There are 2 protein chains.
Amino acid sequence: MSDLLERLRGRGWRLTAQRRVVAEVLDGDHVHLTADEVHARAAARLPEISRATVYNTLGELVSLGEVLEVSTDGRAKRYDPNAHRPHQHLVCSRCGAIRDIHPGGNPLADLPAGERFGFTVSEVEVTYRGLCPGCARAAHGPDPA
Amino acid sequence: MSDLLERLRGRGWRLTAQRRVVAEVLDGDHVHLTADEVHARAAARLPEISRATVYNTLGELVSLGEVLEVSTDGRAKRYDPNAHRPHQHLVCSRCGAIRDIHPGGNPLADLPAGERFGFTVSEVEVTYRGLCPGCARAAHGPDPA
DNA sequence: TTCTTGACTTAGACTGTGTCTACTGTAGGA
DNA sequence: TCCTACAGTAGACACAGTCTAAGTCAAGAA
């Protein structure tokens with residue numbers, strides 16, 4: 001993640017304790033935190049950080065292209081630091097767990113011209129839904145209730 | 001849409017004026033209204049209908065499988081009556097216009113086993129984003145501002 | 001090192017979307 | 001007609017996110 005901090009400094013980003021903590025919280029693979037979760041984890045290290053700062057910082061990271069905003073459930077948006085490698089999401093319909101996946105192929109090519117309604121199409125978002133291994137076991141196994 | 005009303009009656013749904021108006025508002029192709037828009041249009045025909053009734057009725061239509069809930073912008077959910085024909089969405093990133101599209105192929109098959117993390121995958125949601133013809137013209141043409 | 005400046009942060013009010021609750025209305029059977 | 005259960009209502013509440021005004025601080029200049 002120091003890469004990210006370096007890139008941000010290179011872009012003239014003023015580096016404050018708050019921004020550093022938010023960037024650090026977003027480090028890792030398969031990280032998809034809501035703004036409130038980011039705030040909670042940031043506040044564990046820097047108790048006085050405010051919600052507005054977390055929203056501001058997340059918004060800046062998104063517009064700099066360093067973080068992706070994903071909304072898989074129609075509720076809170078989630079923030080995904082894995083922005084430099086195009087990927088899709090696999091979501092558990094029961095517990096909400098999210099995994100990043102990297103299928104081959106280019107889904108944009110699957111859209112025939114006749115279905116484009118004259119749109120200039122530039123992006124595709126693909127979300128696979130199903131049950132994660134744990135929830136599938138719970139659904140099939142002997143019901144302990 | 002009288003099909004829908006017939007189906008609902010067949011399921012023992014008590015058909016009231018409020019429910020009929022909500023179902024009628026959702027008639028048509030490429031219809032993707034927010035709950036508030038449904039409420040506004042329903043209230044034009046039945047002024048005393050309440051917001052809670054619109055939410056309740058939409059929720060019932062969704063759980064009966066007659067209407068789909070889609071959230072393309074992370075803001076308000078939209079309700080899509082085109083639930084009996086599997087389809088995907090094409091969204092204008094500028095004005096938010098939504099079109100239903102029906103590409104061939106089965107996107108589920110594009111997900112190799114090695115990328116499934118043990119999930120039992122049952123659905124795919126695909127959203128294409130770009131500019132609709134009107135917004136593309138506005139972006140390219142001589143700026144009238 | 002100290003000063004200056006403008007960008008950054010803060011608390012809290014505000015908005016939009018959706019849910020819940022307690023009460024009222026009403027369709028249809030006894 | 002009366003009863004009962006389901007449907008509808010208004011309004012309070014909850015959650016996610018945005019905005020504002022005022023205070024704070026990082027970083028360059030002297």
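Colleague: What makes a residue count as part of the surroundings of DNA strand D?

Modeller: In this predicted model, the test is a heavy atom of the residue within 4 Å of the strand. 18 residues pass around DNA strand D, and the closest are Lys77(A), Thr16(B), Glu48(B), Ser50(B) and Thr53(B).

Colleague: Which part of DNA strand D faces the protein, sugar and phosphate or bases?

Modeller: Mostly the first. Of the strand D atoms within 4 Å of the protein, 73% belong to sugar or phosphate, and the rest to bases.

Colleague: How do you know that Tyr55(A) has a polar contact with a phosphate oxygen of strand D?

Modeller: A polar atom in the side chain of Tyr55(A) is 3.1 Å from that oxygen. The cut-off for a pair of N or O atoms is 3.5 Å, so the pair counts. Glu48(B) passes too: a backbone N or O atom there lies 2.7 Å from a phosphate oxygen of strand D.

Colleague: And which residue has a polar side-chain atom 3.1 Å from a base nitrogen of strand D?

Modeller: That one is Arg51(A).

Colleague: Which helices supply at least two residues each to the surface near strand D?

Modeller: From chain A, helix H3 (35-45) and helix H4 (51-63); from chain B, helix H2 (17-25) and helix H4 (51-63). H4(A) gives the most, with 3 residues. Sorted by class, that surface has 7 nonpolar, 4 polar and 7 charged residues.

Colleague: Let's turn to the other DNA strand. How many residues surround strand C?

Modeller: 17, and the closest are Thr16(A), Glu48(A), Ser50(A), Thr53(A) and Lys77(B). On this strand, H4(B) contributes the largest share of the nearby surface, 3 residues.

Colleague: Why does Thr16(A) count as being in polar contact with strand C?

Modeller: Just hold the distance against the rule. An N or O atom in the side chain of Thr16(A) is 2.4 Å from a phosphate oxygen of strand C, and the limit is 3.5 Å, so it qualifies. Bases of strand C take part as well: a base nitrogen is 2.9 Å from an N or O atom in the side chain of Arg14(A), and a polar side-chain atom of Arg51(B) is 3.1 Å from a base oxygen.

Colleague: Now the two protein chains. How many residues of chain B are in contact with chain A?

Modeller: 37 residues of chain B are in contact with 37 of chain A. Together the chains bury about 3,100 Å², of which 59% is on carbon and sulfur atoms. On the chain B side, the residues that lose the most area to chain A are Phe119(B), Tyr128(B) and Arg129(B), together 22% of what that side buries.

Colleague: Why is the pair Arg129(A) and Glu125(B) called a salt bridge?

Modeller: Their side chains meet at 2.9 Å, N to O. The rule asks for a Lys or Arg side-chain nitrogen within 4 Å of an Asp or Glu carboxyl oxygen, so the name fits. Side chains of opposite charge can pair when their charged atoms come close. The count between chain B and chain A is 2 salt bridges, and 12 residue pairs are in polar contact across that interface. On chain B's side, E6(B) supplies the largest share of the residues touching chain A, 12 of them. By class, that side divides into 20 nonpolar, 9 polar and 8 charged residues.

Colleague: What makes strand E6 of chain A and E6(B) a strand pair?

Modeller: At least two bridges are required, and this pair has 11, so it clears the rule. The pairing is antiparallel, and Thr127(A) stands opposite Glu125(B). E4(B) and E6(B), on the other hand, pair in the parallel sense over 4 bridges, with His89(B) opposite Thr127(B).

Colleague: Why do E1 and E2 of chain A count as edge strands?

Modeller: The open sheet of 3 strands in chain A runs E1-E3-E2, with antiparallel pairing. Strand E1 (33-34) and strand E2 (68-70) each have a single partner strand, so one side of each has no neighbour in the sheet. E1(A) pairs with strand E3 (residues 78-80) over 2 bridges, and Leu33(A) stands opposite Tyr79(A).

Colleague: How do you know that Arg78(A) and Glu37(A) form a salt bridge?

Modeller: The distance is 3.5 Å, N to O, and the cut-off is 4 Å, so the pair counts. Arg78(A) sits in strand E3 and Glu37(A) in helix H3 of chain A, 41 residues apart, which links distant parts of the chain.

Technical notes. Residues are numbered from 1 along each chain as its sequence is written. Chains are lettered from A and ligands numbered from 1 in the order in which they are written. This is a predicted model: local features need pLDDT of at least 70, side-chain atom pairs count only at pLDDT 80 or more; totals for chains, interfaces and linings use all residues. Side-chain values use heavy atoms; hydrogens and water are left out. Contact means heavy atoms within 4.5 Å. Buried area is the accessible area (1.4 Å probe) that two parts lose on being put together, summed over both. A polar contact is a pair of N or O atoms within 3.5 Å; within protein, one must be able to donate a hydrogen and the other to accept it, and residues adjacent in sequence count only if both atoms are side-chain atoms. Ala, Val, Leu, Ile, Met, Phe, Trp, Tyr, Cys and Pro count as nonpolar, Asp, Glu, Lys and Arg as charged, and the others, Gly among them, as polar.
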